[in-house]
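Here is a friendly round of questions about how labels are earned in a structural model. Each reply sets a value beside its cut-off and draws the conclusion.

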Amino acid sequence: MPETIIAGNWKMNTTLDEAQALVRAMKPGLEEIKGLRKVVCPPFVSLSAVSSLLKGSTIEVGAQNMHSEKSGAFTGEVSSAMLSGLCKYVILGHSERRHIFGEADDLVGRKVRAAMSAGLSPILCVGEQLAEREQGRAEAVVERQLRAGLDGITTPRGLIVAYEPVWAIGTGKAATPQDAQQMMSHIRRVLATLQGQAVAANTSLLYGGSVNADNVAAFVREPDVNGALVGGASLKADVFVQLARNAATART
Ligand code: PEP
């Protein structure tokens with residue numbers, strides 16, 4: 001069975017002080033929630049401090065991106081080797097990386113391979129743009145991103161896939177749980193073709209895009225939705241704790 005995961009992507013928000021205050025505020029409430037994995041993904045500069053604050057807790061830490069090479073002349077970049085001592089997860093191929101920073105499918109694939117080699121658990125983000133959905137190409141786009149993201153991988157250790165339709169991210173216009181479920185079962189079919197039935201059945205699939213404390217339960221009640229990748233609603237401690245609590249209740 002795939003594990004249920006609620007992950008917060010803080011994006012380019014919070015100074016070091018704010019990140020520490022945020023994690024201190026959410027820690028007691030998140031600690032009480034059982035039956036799911038709770039993950040926070042702060043900006044790079046706060047990873048070390050947030051990881052220290054969460055040491056020994058049931059709350060885990062992820063990064064939001066990384067470079068595909070281990071080291072070298074890549075000014076301003078951060079590698080898997082730098083992250084692997086600091087956190088367990090790394091978000092890769094987020095739509096903001098793909099569409100604002102021009103990350104192509106094959107680059108995302110190289111990053112996924114690098115993350116797995118370093119023992120990091122990649123949260124591979126896939127999702128179509130509005131025009132692609134309107135043209136009936138949503139499933140084809142997601143399949144292309146998945147194939148490229150997993151190219152060359154024989155043992156997808158720690159893989160998590162987040163389906164995040166671009167039109168739903170930060171817009172307040174979430175997909176319907178039924179649309180999310182339909183895409184998740186497509187993703188499982190593609191995973192089965194690429195990596196076999198066992199991987200397909202055991203990989204956690206997260207929905208992302210305007211998830212909040214009120215709608216999360218409806219998503220995680222869908223059979224193939226194993227949690228959520230949360231942006232805006234992960235930046236307020238009480239809201240994120242309530243969201244995680246509602247997800248845990250809905251799964252039991
Ligand atoms: C995200 O950034 O991954 C995301 C889903 O954002 P939001 O929840 O704000 O739509």
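Q: Which residues are linked with Arg 97 in a network of salt bridges?
A: In this predicted model, Arg 97 shares the network with Glu 103 and Lys 111. The structure holds eleven salt bridges.

Q: What makes Arg 97 count as sitting over the ring of Phe 101?
A: The charged end of Arg 97 lies 4.1 Å from the centre of the Phe 101 ring. The distance cut-off is 6 Å, with a further limit of 35 degrees from the ring normal. Arg 97 and Phe 101 also turn up together among the residues closest to the centre of the largest pocket. That pocket has a volume of about 480 Å³, and its lining divides into nine nonpolar, five polar and three charged residues.

Q: Why is the contact between Glu 60 and Lys 88 called a salt bridge?
A: The closest N and O atoms of Glu 60 and Lys 88 are 2.9 Å apart, and the definition asks for a distance within 4 Å, so the pair qualifies. Glu 60 belongs to strand E3 and Lys 88 to the loop between helix H3 and strand E4, so the bridge ties together parts that are 28 residues apart in sequence.

Q: How do you know that Asp 106 and Arg 110 are separated by about one helical turn?
A: Asp 106 and Arg 110 are four residues apart in helix H5, which means about one helical turn between them. Their closest N and O atoms are 3.5 Å apart, and they form a salt bridge.

Q: Why is Glu 128 called buried, while Arg 133 is called partly exposed?
A: Glu 128 has a relative accessible area of 0%, and buried means under 20%, so the label fits. Arg 133 comes out at 26%; partly exposed covers the range between 20% and 50%, so Arg 133 belongs there. The side chains of Arg 133 and Glu 128 meet in a salt bridge, with 2.6 Å from N to O.

Q: What makes the pair of Tyr 207 and Phe 219 stacked?
A: The ring centres of Tyr 207 and Phe 219 are 4.3 Å apart, with 10° between the planes. Pairing needs centres within 6.5 Å and stacking needs planes under 30 degrees apart, so both conditions are met. The pair links strand E7, which holds Tyr 207, to helix H10, which holds Phe 219. Both residues are buried, and ring pairs join them with Tyr 163 in a cluster.

Note on methods:
Residues are numbered from 1 along each chain as its sequence is written. This is a predicted model: local features need pLDDT of at least 70, side-chain atom pairs count only at pLDDT 80 or more; totals for chains, interfaces and linings use all residues. Side-chain values use heavy atoms; hydrogens and water are left out. On a 1 Å grid over the protein atoms alone, a cavity is a set of points where a 1.4 Å probe fits but cannot get out, and a pocket is an open set with protein on both sides within 12 Å along at least five of seven lines; lining residues have an atom within 4 Å of a point. Grid points are joined across faces, edges and corners, and a volume is the space filled by probe spheres set on the points. Ala, Val, Leu, Ile, Met, Phe, Trp, Tyr, Cys and Pro count as nonpolar, Asp, Glu, Lys and Arg as charged, and the others, Gly among them, as polar. Rings of Phe, Tyr and Trp (its six-membered ring) pair if their centres lie within 6.5 Å; planes under 30 degrees apart count as stacked, over 60 as edge-to-face and the rest as tilted. Helices (H or I, at least four residues) and strands (E, at least two) are DSSP runs, numbered from the N terminus. Buried means under 20% relative accessible area, exposed over 50%, partly exposed in between (1.4 Å probe, protein chains only).
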